Amino acid sequence: MASTTDRIKSLRAARQLRRVRTFYAVGVLVWAASTAWTGWQTPGSRQMWVSALLLAIFTGLLLTSSIWLQRLQAVDSAEPARHAAPRRATRPRHAHA
């Protein structure tokens, strides 16, 4: 069983990975548009190849962060969540009349 601090660290890591993944997704969109534009304007130019290289880098970073997040969530879901205090046996209430 993982300790509470391990669980908190894992939740923080998942939150950070989601933010980073969003940043990389935006980067992929920007570099895809840039590559398409420069490929249309000046095919085979140095700018197009640099743009394509940056697109490949951001795509790799996006895939890596997605895989890490997926693995992190799989590890977290293997443990039961303990959100509430355990149930205790309660005494039945008797009506006072």
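Q: Is Q47 buried or exposed in this predicted model?
A: Q47 is found in helix α2, the stretch covering residues 46-78. Its relative accessible area is 53%, and the cut-off for exposed is over 50%. So Q47 counts as exposed.

Q: How far apart are the C-alpha atoms of Q47 and T35?
A: Along the chain, Q47 and T35 are 12 residues apart. In space, the gap between their C-alpha atoms comes to 8.3 Å.

Q: Is S51 buried or exposed?
A: Like Q47, which is found in helix α2, S51 has its place in helix α2. The relative accessibility of S51 is just 2%, and anything under 20% goes down as buried. So the label for S51 is buried.

Q: Which residues is S51 in contact with, once its neighbours within four places in sequence are left aside?
A: Contact here takes heavy atoms within 4.5 Å. T35 is one of the partners of S51, and T35 also turned up above, with its C-alpha atom 8.3 Å from that of Q47. The full set for S51 is W31, S34, T35 and T38.

Q: What share of the contacts with a separation of 6 or more is between residues 24 or more positions apart?
A: For the protein chain, the secondary structure comes to 2 helices and 0 strands. Take the contacts with a separation of 6 or more, and count those between residues 24 or more positions apart: their share is 72%.

Q: Why does L61 count as partly exposed?
A: L61 sits in helix α2. Partly exposed is the range between the buried cut-off of under 20% and the exposed cut-off of over 50%. L61 counts as partly exposed because its relative accessibility is 34%.

Q: What accessible area do L53, I57 and L61 have together?
A: These residues form a nonpolar patch on the surface. To join a patch, a residue needs over 30% relative accessible area, and L61 has 34%. Together, L53, I57 and L61 come to about 250 Å².

Q: Which residues gather in the patch of positive charge on the surface?
A: One of them is R19, which lies in helix α1, residues 4-41. R19 counts as exposed, at 58% relative accessibility. The whole group is K9, R12, R15, R18, R19 and R21.

Q: What percentage of the accessible surface belongs to carbon and sulfur atoms?
A: Of the 97 residues in the protein chain, 16% count as buried. The chain's accessible surface comes to about 8400 Å². The part belonging to carbon and sulfur atoms is 63%.

Note on methods
Residues are numbered from 1 along each chain as its sequence is written. This is a predicted model: local features need pLDDT of at least 70, side-chain atom pairs count only at pLDDT 80 or more; totals for chains, interfaces and linings use all residues. Side-chain values use heavy atoms; hydrogens and water are left out. Patches are made of residues with over 30% relative accessible area and no salt bridge: like charges are joined within 9 Å, nonpolar side chains (Val, Leu, Ile, Met, Phe, Trp, Tyr) within 5 Å. Accessible areas come from the Shrake-Rupley method with a 1.4 Å probe; for residues, only the protein chains shown count as cover. A salt bridge is a side-chain nitrogen of Lys or Arg within 4 Å of a carboxyl oxygen of Asp or Glu. Lys and Arg count as positive and Asp and Glu as negative; His and the chain ends are not counted. The place of a charge is taken as NZ of Lys, CZ of Arg, CG of Asp or CD of Glu. Helices (H or I, at least four residues) and strands (E, at least two) are DSSP runs, numbered from the N terminus. Buried means under 20% relative accessible area, exposed over 50%, partly exposed in between (1.4 Å probe, protein chains only).
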